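Please look over the sequence and the 3D structure shown below before reading on. The report then takes up charged side-chain pairs and one helix contact.

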Amino acid sequence: MMPPVFLHQLGLVCALGSGKREVARALFAATPSGVAPHEGYADRALHLGLITAPLEAQDALPPAWRSRNNALLLTALAEIRPAVDAAIARFGPERVAVVLGTSTSGIGESEGAIAAQLATGQLPATFHLNQQELGAPASALTHVLGLSGPAYVISTACSSSAKALASAARLLRAGTVDAVLTGGVDSLCRFTVAGFRALESVSEERCNPMSVHRHGINIGEAAALFLMTREPGPVRLSGWGESSDAHHISAPEPGGRGAIAAIREALTRAGIAPERVDYVNLHGTATEQNDAMESRAVHALLGPDVKASSTKPLTGHTLGAAGALEAAFAWLTLTDNPEGRLPAHFWDGAADPSLPALSLVKPGEALGRPVRTVLSNSFAFGGSNAALLLERA
C-alpha cells in the first residue's frame, strides 16, 4: 500500500489578499472582491486579478533571479517559513524537494527591459535573462532555503501547479525525499494579456462562468505554497488524475473526455466514490468552450447535485498558479470551517440552456457540517488536464 501524503502548511497571496486568514475572509464572503479594473496591461483598463498587497523584499536573491514572480513566491513562503525551516532541520536539506508550477516566470522583467532598450539603446543593468527562465522559481527557493534535494518547475500552462502537487506526491511515495515545498506562482504581464486577447478570450468586465452571457477570462496572478510530507496533517492529497486529450492547441475536447479521464483517475486513486465529493472547484474560465466541456464532464461523473463553483471571478485566471491556488481554496474549505462554508459562484445567474445544469454555490451557502472531500479541476491548452482530490484528515 502506498503511503498517504498530507498538505500541512499553506502560504498564499492573490488578488483576495495576503495570507490564509485574509484570503479566507474574502473567499467565503457574500459579495465579490479581488478582481477589479486596472490599467497598464493593455491599451485600456481591464478587470484583472492584480495583487496590491506589499511583497517580500528580494535581498536574499542574486540579481539574476529578482522578479515580481519570485517576489510573489517569497511572500507566500514568508507565511510558512518557520515550518519549512523546521522540516529542513529535521530531515536535512538533501531530503527536502521543491516542485513548482509556473508559466510566466519573469517575462514581465523582459518586457520592461526590451522597452528600455528600444528607448535608450541599452538593456537595464538590473536585467538578466535568467529572470525569465521557467526554472527560476525553484532555483530561487533552493537558494534562499539552502536546499540540495530535487528542485524543478513544471510548465504545462494552466495545469502546471496542479501537476506539480501530483509530482510532489510521487516523490514522497517513492521515498525519494521526506518533505516537498510545492505549489505554483505566476505574475501578471502584458504578454499573457495580449496573447489571450488575440484569442478573443479576455473579458473587459468581471468574468461570468457558466452564464449564457460569458465571453472570456480575467487574467490574474498568485503564489501558493504547501509543505507536503508523509506525516499526518490537516488535509490529505488523496488522489490525482492527469490526462492529455491532444484535441487542439487551444480548445478542449468538446465532450470532456480528457477531463472525465483525469477526474475518474483522481477518484480511483483516492478510492472515493463520486457521491462522496462534497464540493468541486471548477476550472470555470468563463470561456465558451471550457465551460461547456467542464459542465458536461462534472455532470457525467458527479451528477447535477454536487456543489460547485468557479473562483476565477474573485482571483482571475492565474494560469500556471491556478492549480495550486485553487487547491489552496480547497484546503481553506476543508480546515477550520465547522459550518462547511463554500466559495460562492459569482455570476449573473443566466444559465446557458445548452449546458447540463450544475448546483452552483450561492453566496453565503454552507453545508451545515464540515466539508470532507473537495475536487479541484485544472484544464490547460494542448489538452493537458489535471484533477486533485483533497480530504479533511
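What follows describes salt bridges and then the packing of two helices.

This is a predicted model, in which local features need pLDDT of at least 70 and side-chain atom pairs count only at pLDDT 80 or more, while totals for chains, interfaces and linings use all residues. Residues are numbered from 1 along each chain as its sequence is written, and side-chain values use heavy atoms, with hydrogens and water left out.

**Salt bridges**

Side chains of opposite charge can pair when their charged atoms come close. A salt bridge here is a side-chain nitrogen of Lys or Arg within 4 Å of a carboxyl oxygen of Asp or Glu, and a search of the whole structure finds 22 of them. Three are listed here, with the N to O distance of each.

| Acidic residue | Basic residue | N to O distance |
|---|---|---|
| Aspartate 178 | Arginine 230 | 2.5 Å |
| Glutamate 288 | Arginine 214 | 3.5 Å |
| Aspartate 278 | Arginine 369 | 2.8 Å |

Aspartate 178 lies in the loop between α5 (160-174) and β7 (179-186), and arginine 230 in the loop between β8 (222-229) and β9 (235-244), so this pair ties together parts that are 52 residues apart in sequence. Helices (H or I, at least four residues) and strands (E, at least two) are DSSP runs, numbered from the N terminus. Aspartate 178 is buried, at 16% relative accessible area, whereas arginine 230 is partly exposed, at 28%; buried means under 20%, exposed over 50%, and partly exposed in between, with a 1.4 Å probe and protein chains only.

The pair of glutamate 288, in helix α8 (residues 288-302), and arginine 214, in the loop between α6 (190-198) and β8, links parts of the chain 74 residues apart. Glutamate 288 is partly exposed, with a relative accessible area of 48%, while arginine 214 is buried at 5%.

Aspartate 278 sits in the loop between α7 (257-270) and β10 (279-281), and arginine 369 in the loop between β12 (359-360) and β13 (373-380), so their pairing ties together parts 91 residues apart in sequence. Aspartate 278 counts as buried at 7% relative accessibility, and arginine 369 is partly exposed at 27%.

**Helix packing**

Helices α7 and α8 pack at an angle of about 40°, with their axes 9 Å apart; axes are lines fitted to C-alpha atoms, for helices over the stretch in contact, and angles run from 0 to 180 degrees between N-to-C directions. Heavy atoms within 4.5 Å count as a contact, and the residues of α7 that meet α8 include Ile260, Ile263 and Arg264.
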